[in-house]
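These are my notebook entries on the structure shown below. I looked up the helices, the sheet and the packing between them.

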Amino acid sequence: MENIAIYPGTFDPITNGHVDLIRRATAIFPRVHVLVAADTKKTPMFSAEERCEMVKEAVKDLDRAVVEIFNGLLVEQVRRLSANIIIRGLRAVSDFEYESQMALMNKRLHPEVETFFMISTEEYAYVSSSFVKEIAGLGGEVGSMVPPGVARMLYSRYGSNPAGR
Ligand code: COA
């Protein structure tokens, strides 16, 4: 049986930490569906279409990654794509509680699915979408934390450009 993995997230916006994880996952799995959540408990800064475009641009060199927007329950996407693995990143122990609850709930909704956790690369262990937005909003440099297209989007949204100071 071929393992088909999905990597879901809000990606508001995608960071280099996410890209690193997708890169590592595509080295293991023949296909990784990167699913951008349209409905989210968070109030995203970027629309689902903008978030999806930023993800597509960031992973365009990864042949095994397929990017799309999704609505509704994640397990329905698992079924639709005949996937058997959900990938999630773990940065610190603080991620564990939320992630373990989500993995157990997804398992309850779809017992055949397994959640695989990947520890984030040390360099990105403290990077989060919220921090990146906060820093860019205050005129700080985020070029080492996000893909170039994302940095451009953030600076244009906030009307700031640290490189041009
Ligand atoms: N590198 C850098 N940052 C990372 C990271 C990594 N490897 N992994 C996670 N993060 C950060 C993100 O930046 C984000 O930070 P923020 O909270 O500051 O914005 C946070 O961790 C989590 O974001 P993300 O990875 O995008 O996932 P999410 O938790 O927003 O995604 C869904 C949640 C979409 C997967 C989940 O809500 C879902 O499945 N929804 C569909 C509905 C459903 O099925 N619900 C039932 C679930 S049991």
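**Entry 1: the span of a helix.** I began with a definition: the expected span of a helix is 1.5 Å times one less than its number of residues. I note that the model is predicted. How far apart are the end C-alpha atoms of helix α4? I found them 25 Å apart; this agrees with the expected 24 Å, because α4 (residues 93–109) has 17 residues at 1.5 Å a residue.

**Entry 2: the bend and the buried face of α4.** I next looked for a bend in α4 and found one of about 25° at Glu-99. Glu-99 is also among the buried residues of this helix, together with Asp-95, Ser-100, Ala-103 and Asn-106. I then asked which elements the buried residues of α4 pack against. They pack against α3 (74–80) and against two strands, β4 (85–90) and β5 (114–119).

**Entry 3: the sheet.** I followed these strands into the sheet, which is open and has five strands in the order β3-β2-β1-β4-β5, with parallel pairing. At its edges I found β3 (65–70) and β5, each of which pairs on one side only. On average, neighbouring strands of this sheet are turned by 30° against each other, direction ignored.

**Entry 4: the pairings of β4.** How many bridges join β4 and β5? I recorded six, in the parallel sense, with Ile-87 opposite Phe-116 in β5. Between these two strands the chain passes through α4, and this β-α-β crossover is right-handed. I also looked up the pairing of β4 with strand β1 (residues 4–9), which is parallel and has two bridges. Here Ile-6 stands opposite Ile-86 in β4.

**Entry 5: helices across the sheet.** I checked which strands helix α1 (residues 16–26) lies across, and listed β1, β2 (31–37), β3, β4 and β5. The helix α1 runs at about 120° to β5. Helix α2 (residues 48–58) lies across β2 and β3, and I noted an angle of about 175° to β3.

**Entry 6: helix α6.** I returned to α2 by way of helix α6 (residues 148–158), whose buried residues are Gly-149, Val-150, Ala-151, Leu-154 and Tyr-155. What do these buried residues of α6 pack against? I found α2 and α5 (129–137). Lastly, I looked at the residue just after α6: Gly-159 takes a positive phi of about 65°.

Technical notes. Residues numbered from 1 in each chain as written. Predicted model: local features only at pLDDT ≥ 70, side-chain atom pairs only at ≥ 80, totals over all residues. Heavy atoms only, no water. Helix = DSSP H or I, 4+ residues; strand = E, 2+ residues; numbered from the N terminus. Bend = angle between axes of the 7 residues up to and from the residue. Buried < 20%, exposed > 50% of the residue type's maximum accessible area, 1.4 Å probe, protein only. Contact = heavy atoms within 4.5 Å. Pairing = 2+ DSSP bridges. Axes fitted to C-alpha atoms, helices over the stretch in contact; angles between N-to-C directions. Right-handed = clockwise from strand over helix to strand, strands pointing away.
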